[in-house]
Amino acid sequence: MDPVAHTFTGATMFAAGLRRATPLAAAALIMGANAPDVDVLAYFAAPFEAIAFRRGWTHGLLALAIWPFLIAAVLLAWDRWVRRRRNPAAAPARAGPLLAVTALAVATHPLLDWLNDYGVRWLMPFDRSWYYGDALVVVDPWVWLVLGGVLFLTYSSSRLAIARWTVFWVVTTFIVLAAGALVPFQTQILWLVGVAALAAARVRRPEIVRNERTLERAALAVLALFAVYIVATSVATRIARSQVRDGLAALGIHGVERVMVGPAAGNPFAGEVVAATADTYYLGHWRWLAPTRLNLDGDPLPRPRGAVYDAAASAPEARKFLTWSRFPVIDTEPVAGGAVVVHFADARYVGRRGIDGPTVRLDSDLHVTAAD
């Protein structure tokens, strides 16, 4: 998920009581919750390097075992050589609890990333397979509102904190409202009501932010609610996959090999469908509350194969893209002299939200002449 969701997850665990585990627990939880995303540095490398590299080495089992020790070691060194030199009276960080809370925070990261349809490679480096939860979008406004709400009430006791939170709520409200057709109108209204309710609670009930036990219980309740939300959307996705298969069979579409019911932004009652047969992708929408739950979109897409695809797929940029692509598709464009231009994409994002693939140019003998 997005960095805000990861950060809020670590911070909410701190607010829920892990603050008492050891000094520097806050730093351990927030650093651990975000550490695997160090692979964003791959975006500074060659084109499509990040797509091929991200959510792999730094998110897999080996990294999950190493990150807690690395982060705890850095924090213990900071504690010894900086923090306690500045304040000799400060209680020292405790190595065991610090390692434990860091490990817990690190473990939340690939779990949250698995929830969306982008995917994560849990078993790296032992197995490069991708795993998909298809339960939540990468940026989920309900996660921002619920986790951010309890943190706002917990950490808004100073004017500076209130100013920072005001900026956060203004920016996220703009994002939710500016998303247009991606976020349902009902979600936008509920978002505004939720933000207004948080502001009213802070202004009308200032004693809330002074009651540590109340806020701790609220943070625990929010984490429990978040867990229920994850379980509910994950189970609903699996039920929807089964029902999509039944719906396709009723339409005379058989031999379905894979089905994705990807999450819709801000709407847990809807999903985006990609169903793959041996030679075709079927795209559509799923609506839990509609009389007809499955609706297919336009013409199906052919699964790419053949000499042109094989030649284009040999380009380094295409290989990197295909390392990540779940439902690869191509669009071919003949040009003068028998050459052809091949555009790669993924059926998850065709006509929806774009992650564009590379463009590969082949000569008349199907040799790669350019790729970008």
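Helix α1 gives the second largest pocket the largest share of its lining, 6 residues. This is a predicted model, and the pocket in question holds about 220 Å³ of space. Three helices each put at least two residues into that lining:

| Helix | Residues |
|---|---|
| α1 | 3-15 |
| α2 | 25-34 |
| α7 | 159-178 |

What sort of residues make up the lining of this pocket, by polarity? They split into 10 nonpolar and 2 polar, with no charged ones. Among the names on the list are Val 4, Phe 8, Phe 14, Ile 30, Leu 151, Tyr 155, Trp 165 and Phe 168. Thr 7 and Gly 10 are on the list too.

Now for the strands. β1 covers residues 258-264, and 6 of its 7 residues are buried, so call it mostly covered. Strand β2 (residues 267-276) pairs with β1 in the antiparallel sense, over 7 bridges. One of the links is between Ala 264 and its bridge partner in β2, Asn 267. The hairpin of β1 and β2 has 2 residues between the strands, and there Gly 266 takes a positive phi near 70°.

Further along, Thr 359 sits in strand β8, which spans residues 359-362. Is Thr 359 buried or exposed? Thr 359 counts as buried because its relative accessibility is 13%, under the 20% cut-off. Its side chain makes a polar contact with the side chain of His 343, at 3.0 Å. Leaving aside neighbours within four places in sequence, Thr 359 also touches Val 341 and Val 342, along with Ala 370, Ala 371 and Asp 372.

Notes. Residues are numbered from 1 along each chain as its sequence is written. This is a predicted model: local features need pLDDT of at least 70, side-chain atom pairs count only at pLDDT 80 or more; totals for chains, interfaces and linings use all residues. Side-chain values use heavy atoms; hydrogens and water are left out. Helices (H or I, at least four residues) and strands (E, at least two) are DSSP runs, numbered from the N terminus. Buried means under 20% relative accessible area, exposed over 50%, partly exposed in between (1.4 Å probe, protein chains only). A polar contact is a pair of N or O atoms within 3.5 Å; within protein, one must be able to donate a hydrogen and the other to accept it, and residues adjacent in sequence count only if both atoms are side-chain atoms. Contact means heavy atoms within 4.5 Å. Two strands pair if DSSP finds at least two bridges between them. On a 1 Å grid over the protein atoms alone, a cavity is a set of points where a 1.4 Å probe fits but cannot get out, and a pocket is an open set with protein on both sides within 12 Å along at least five of seven lines; lining residues have an atom within 4 Å of a point. Grid points are joined across faces, edges and corners, and a volume is the space filled by probe spheres set on the points. Ala, Val, Leu, Ile, Met, Phe, Trp, Tyr, Cys and Pro count as nonpolar, Asp, Glu, Lys and Arg as charged, and the others, Gly among them, as polar.
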